[in-house]
Amino acid sequence: ALFRILSNLPKDLPVPILIVQHIALGFVAGFAEWLHTVTGFPVHLAKDGECPLPGHVYVPPDDVHLGIRPGPVIMLSHQPPEENLRPSISFLFRTLAQSMGSQVVGVLLTGMGRDGSKELKSMKDAGAITIAQDEASSVVFGMPGEAISLGAAKFVMPPEGIAIFLSNQFKKKERRK
């Protein structure tokens, strides 16, 4: 799903992309390298205090939560796991809702459990655009299904639709400048 979205986005995207992927310890660096190779986006292991750059992708290092504080500035945290996960999408979405409000887009993709679903609703309530992957294209519909059932997603669509939607959103913003 990430590949299908990122490979269909323009490389001159005017915003950074933050990704939390549930992945086994020791594989995140290889995941970042693979994502860069297959999408062409610069992909970085996030660093605490770093200002995320437009058109760049950031993933957290092993066993660390990724968040954002005002600035925007990347925040890494060793707080306890959420939903038995670290990194947790819940942590990222909560910090985005608190620090960025309506200035962000939250996308919840295929995955087991409920990670991120309540916090996606918090983002929506803060005015953010929120998207969940549809059931037909999901390998596991747990996380997006939970978000949809909570009313957290303004939009529900497959990965290719998400890429088109996001591309159009950023084109609109560029035209308004």
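Visitor: Which residues of helix α2 are buried?
Guide: In this predicted model, α2 is the helix of residues 28-39, and its buried positions can be taken together as one group. They cover an arc of only 100° around the axis, which places them on the same side of α2. The buried residues of the helix are V28, F31, A32, L35 and T39.

Visitor: Which exposed residues does the face of α2 turned away from its buried side carry?
Guide: The buried side of α2 is made by V28, F31, A32, L35 and T39, and the face in question is the one turned away from that side. The exposed residues carried there are E33 and T37.

Visitor: Is A29 in helix α2 buried, partly exposed or exposed?
Guide: A29 belongs to helix α2, and its relative accessible area is 45%. Because buried requires a value under 20% and exposed a value over 50%, a residue at 45% such as A29 is classed as partly exposed.

Visitor: How far apart are the C-alpha atoms of A29 and P10?
Guide: A29 is found in helix α2, and along the chain it is 19 residues apart from P10. In space, the separation between the C-alpha atoms of A29 and P10 is 24 Å.

Visitor: What distance does α2 reach from its first C-alpha to its last?
Guide: Helix α2 has 12 residues, and at 1.5 Å a residue the expected reach is 16 Å. The helix in the model comes close to that expectation, with a reach from first to last C-alpha of 16 Å.

Visitor: Against which elements do the buried residues of α2 pack?
Guide: The helix lies across β2 and β3, running at about 165° to β2, and both of these strands are among the packing partners of its buried residues. The list also includes a helix, so that the complete set is α1 (2-6), β2 (43-45) and β3 (57-59).

Visitor: Which residue just after α2 takes a positive phi?
Guide: Helix α2 covers residues 28-39, and the position in question comes just after it, with a phi of about 85°. That residue is G40.

Visitor: Which are the edge strands of the open sheet with the order β1-β3-β2?
Guide: This open sheet has three strands with parallel pairing, and two bridges join β1 to β3, with L18 standing opposite Y58 in β3. An edge strand here pairs on one side only, and the strands that do so are β1 (17-18) and β2.

Visitor: How many of the residues of strand β7 are buried?
Guide: Strand β7 takes in residues 129-133 and is mostly covered. I129, I131 and Q133 point one way from the strand, whereas T130 and A132 point the other way, and all of them are buried. The count for β7 is therefore five of five, where buried means under 20% relative accessible area.

Visitor: Which residue is the bridge partner of L108 in β7?
Guide: Strand β6 (residues 105-108) pairs with β7 in the parallel sense over four bridges, and these two strands, together with helix α4 (residues 117-125), make a right-handed β-α-β unit. Within β7, the bridge partner of L108 is A132.

Visitor: Opposite which residue of β8 does Q133 stand?
Guide: Strand β8 (residues 155-157) pairs with β7 in the parallel sense over three bridges, and β7, helix α5 (residues 142-149) and β8 make a right-handed β-α-β unit. In β8, the residue opposite Q133 is M157.

Visitor: What is the omega of the cis peptide bond from G71 to P72?
Guide: P72 sits in the loop between β4 (65-69) and β5 (73-77). The bond from G71 to this proline is cis, with an omega near -10°.

Visitor: Where is P87, to which the peptide bond from R86 is cis?
Guide: The bond from R86 to P87 has an omega near 10°. The location of P87 is the loop between β5 and α3 (89-100).

Visitor: Is N84 buried or exposed?
Guide: N84 is placed in the loop between β5 and α3, and its phi is near 65°, a positive value in a residue other than glycine. E83 is also found in the loop between β5 and α3, has a positive phi of about 55° although it is not a glycine, and counts as partly exposed at 37% relative accessibility. The relative accessibility of N84 is 76%, so N84 counts as exposed.

How values were computed:
Residues are numbered from 1 along each chain as its sequence is written. This is a predicted model: local features need pLDDT of at least 70, side-chain atom pairs count only at pLDDT 80 or more; totals for chains, interfaces and linings use all residues. Side-chain values use heavy atoms; hydrogens and water are left out. The expected span of a helix is 1.5 Å times one less than its number of residues. Buried means under 20% relative accessible area, exposed over 50%, partly exposed in between (1.4 Å probe, protein chains only). The arc is that of the directions from the helix axis to the C-beta atoms. Contact means heavy atoms within 4.5 Å. Two strands pair if DSSP finds at least two bridges between them. A crossover is right-handed if, with the strands pointing away from the viewer, the path from the first strand over the helix to the second runs clockwise. Axes are lines fitted to C-alpha atoms, for helices over the stretch in contact, and angles run from 0 to 180 degrees between N-to-C directions.
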